[in-house]
Amino acid sequence: MIFLVWSASVVISLAPQFGWKDPDYLQRIEQQKCMVSQDVGYQVFATCCTFYVPLFVILVLYWKIYQTARKRIHRRRPKPINPTGNNNQENQSLIEIEDTENTGLRTMVHRKHR
């Protein structure tokens, strides 16, 4: 991933040096003016690659993180005990769920026997 980021940076930065120049490029060099390439195509390319593409990737990753966190929270939520008050010990048992994610926590859940 780090190599990809650095490679993209090099391509974006050196594109004007390898031919993606606007017509006034050489004139600005002679006047010793240091400006980013004024070519509209390059500006769109650089802006998309350095802002919009990373923004889109980050938003997609945040959405996936949100969905995964939501699934984990729903999976860990204990089942509610019968709200009717009919919680007979003969119909229920307390079981311990294994720690599958090595968090060091144990979960106790009430289960009904049928």
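**Close-ups of a predicted chain**

**View 1. The whole chain, and how little of it is buried.** Of its 114 residues, 11% count as buried. Keep in mind that this is a predicted model. The accessible surface adds up to about 10500 Å², and carbon and sulfur atoms make up 62% of that surface.

**View 2. The order of the pieces.** There are 3 helices and 2 strands here. Walk along the sequence and you meet them in the pattern α-α-α-β-β. As for contacts between residues with a separation of 6 or more, 25% of them link residues 24 or more positions apart.

**View 3. Helix α3 from end to end.** This helix covers residues 40-76, which makes 37 residues. How far apart are its end C-alpha atoms? They sit 52 Å apart. At 1.5 Å a residue the helix should span 54 Å, so the two values agree.

**View 4. The kink in α3.** Zoom in on Cys48 and you'll find the centre of a kink in α3. The bend there is about 45°.

**View 5. Gln32 in its loop.** Here's the stretch between α2 (25-30) and α3, a loop that holds Gln32. Is Gln32 buried or exposed? Its relative accessibility is 73%, and exposed means over 50%, so Gln32 counts as exposed.

**View 6. The backbone at Gln32.** Most residues other than glycine have a negative phi. Gln32 isn't a glycine, yet its phi is positive, at about 60°.

Definitions and conventions. Residues are numbered from 1 along each chain as its sequence is written. This is a predicted model: local features need pLDDT of at least 70, side-chain atom pairs count only at pLDDT 80 or more; totals for chains, interfaces and linings use all residues. Side-chain values use heavy atoms; hydrogens and water are left out. Helices (H or I, at least four residues) and strands (E, at least two) are DSSP runs, numbered from the N terminus. Buried means under 20% relative accessible area, exposed over 50%, partly exposed in between (1.4 Å probe, protein chains only). Contact means heavy atoms within 4.5 Å. Accessible areas come from the Shrake-Rupley method with a 1.4 Å probe; for residues, only the protein chains shown count as cover. The expected span of a helix is 1.5 Å times one less than its number of residues. The bend at a residue is the angle between axes fitted to the seven residues ending there and the seven starting there.
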